[in-house]
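Subject: Structure for your files

Hello,

The sequence and the structure are below, and the notes on what was found in them follow. Please read the notes with the structure open.

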Amino acid sequence: EKVYTSAIDMWAVGCIFVELLTMVKESKVEPEARKVLFPGDSCFPLTPKEDSSTRISGLPCSPKDQLCVILDLLGNPKEDDMEFVSDKRALSYIKAFPPKQAKPISGILPHATKEELDLVRKMLRFNPFTRVTAKEAMRHPYFADIRTKMQETERDPLTLKSDTAN
């Protein structure tokens, strides 16, 4: 989408959180086996490497296309999870991917707790409008033992002027 909101930050936090969870001793993932959660090398509308013979919705696509890598884990989004996509070409591209079922997050985090898995699922929702917010994430049971609510403060979101604004 062309509008950047804090929801994309929560997606990034979810990706980083997964990567950090593979680093805890209990995960038993060797350092050399750790990797980026979604290691894509191209993304819509940018074209993949020239040697790509696969086409999705008329556009070249590689198995390492960012969306392809994401859908390999999360599965195809449901129709209502794509309502936010305003670019018709992008929507057509998303819908053109072959059907894929979501894989359990526990498959990549077999030693994660129930709370960790739940928080990851909420951070990595395809639809940014249903993705957990920072405030909601901080209230998640995962953080219950480390929060000191009396020391926390909240403030209104900052509004920053764009470099292109007059």
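**Leu20 and the nonpolar patch**

Leu20 counts as partly exposed because its relative accessible area is 46%; buried here means under 20%, exposed over 50%, and partly exposed in between (1.4 Å probe, protein chains only). This is a predicted model, in which local features need pLDDT of at least 70 and side-chain atom pairs count only at pLDDT 80 or more, while totals for chains, interfaces and linings use all residues. Residues are numbered from 1 along each chain as its sequence is written, and side-chain values use heavy atoms, with hydrogens and water left out.

Leu20 sits in helix H1, which covers residues 6-21. Helices (H or I, at least four residues) and strands (E, at least two) are DSSP runs, numbered from the N terminus. Together with Ile16 and Met23, Leu20 forms a nonpolar patch on the surface, and the accessible area of the three comes to about 290 Å². Patches are built from residues with over 30% relative accessible area and no salt bridge, with like charges joined within 9 Å and nonpolar side chains (Val, Leu, Ile, Met, Phe, Trp, Tyr) within 5 Å. The areas come from the Shrake-Rupley method with a 1.4 Å probe, and for residues only the protein chains shown count as cover. From Leu20 to Arg34 the C-alpha distance is 9.6 Å, with their positions 14 residues apart in sequence.

**Overall layout**

The protein chain has 5 helices and 2 strands, in the order α-β-β-α-α-α-α from the N terminus on. Of its 166 residues, 33% are buried.

Arg121 belongs to helix H4 (residues 114-123) and is partly exposed, at 43% relative accessibility. Its C-alpha atom is 8.2 Å from that of Gly14, although the two residues are 107 apart along the chain.

**Salt bridges**

There are 3 salt bridges in the structure, each defined as a side-chain nitrogen of Lys or Arg within 4 Å of a carboxyl oxygen of Asp or Glu.

- Lys100 and Asp72 pair at 2.4 Å, N to O. Lys100 is in the loop between helix H3 (88-95) and H4, and Asp72 is in helix H2 (residues 66-74), so this bridge ties together parts that are 28 residues apart in sequence. Lys100 is partly exposed at 22% relative accessible area, and Asp72 is partly exposed at 29%.
- Glu79 and Lys95 pair at 2.8 Å, N to O. Glu79 lies in the loop between H2 and H3 and Lys95 in helix H3, so the parts tied together here are 16 residues apart in sequence. Glu79 is exposed, with a relative accessible area of 52%, whereas Lys95 is partly exposed at 44%.
- Asp118 and Lys122 pair at 3.1 Å, N to O. Both are in helix H4, and because they are 4 residues apart they are separated by about one helical turn. Asp118 is partly exposed at 25%, as is Lys122 at 27%.

**Cavities and the second largest pocket**

Rolling a probe the size of a water molecule over the atoms shows where empty space is left. On a 1 Å grid over the protein atoms alone, a cavity is a set of points where a 1.4 Å probe fits but cannot get out; a pocket is an open set with protein on both sides within 12 Å along at least five of seven lines, and lining residues have an atom within 4 Å of a point. Points are joined across faces, edges and corners, and a volume is the space filled by probe spheres set on them.

The structure holds 2 cavities of 30 Å³ or more. The largest has a volume of about 70 Å³. Its lining includes Leu21, Thr22, Val24, Ile108, His111 and Glu116, and by class it has 7 nonpolar, 3 polar and 1 charged residues. Ala, Val, Leu, Ile, Met, Phe, Trp, Tyr, Cys and Pro count as nonpolar, Asp, Glu, Lys and Arg as charged, and the others, Gly among them, as polar.

The second largest pocket encloses about 540 Å³. It is lined by 14 residues, of which Ala134, Lys135, Glu154, Arg155 and Pro157 are the closest to its centre. H1 and helix H5 (134-138) each supply at least two residues of the lining, and H5 gives the largest share, 3 residues. By class, the lining of this pocket has 4 nonpolar, 2 polar and 8 charged residues.

Regards
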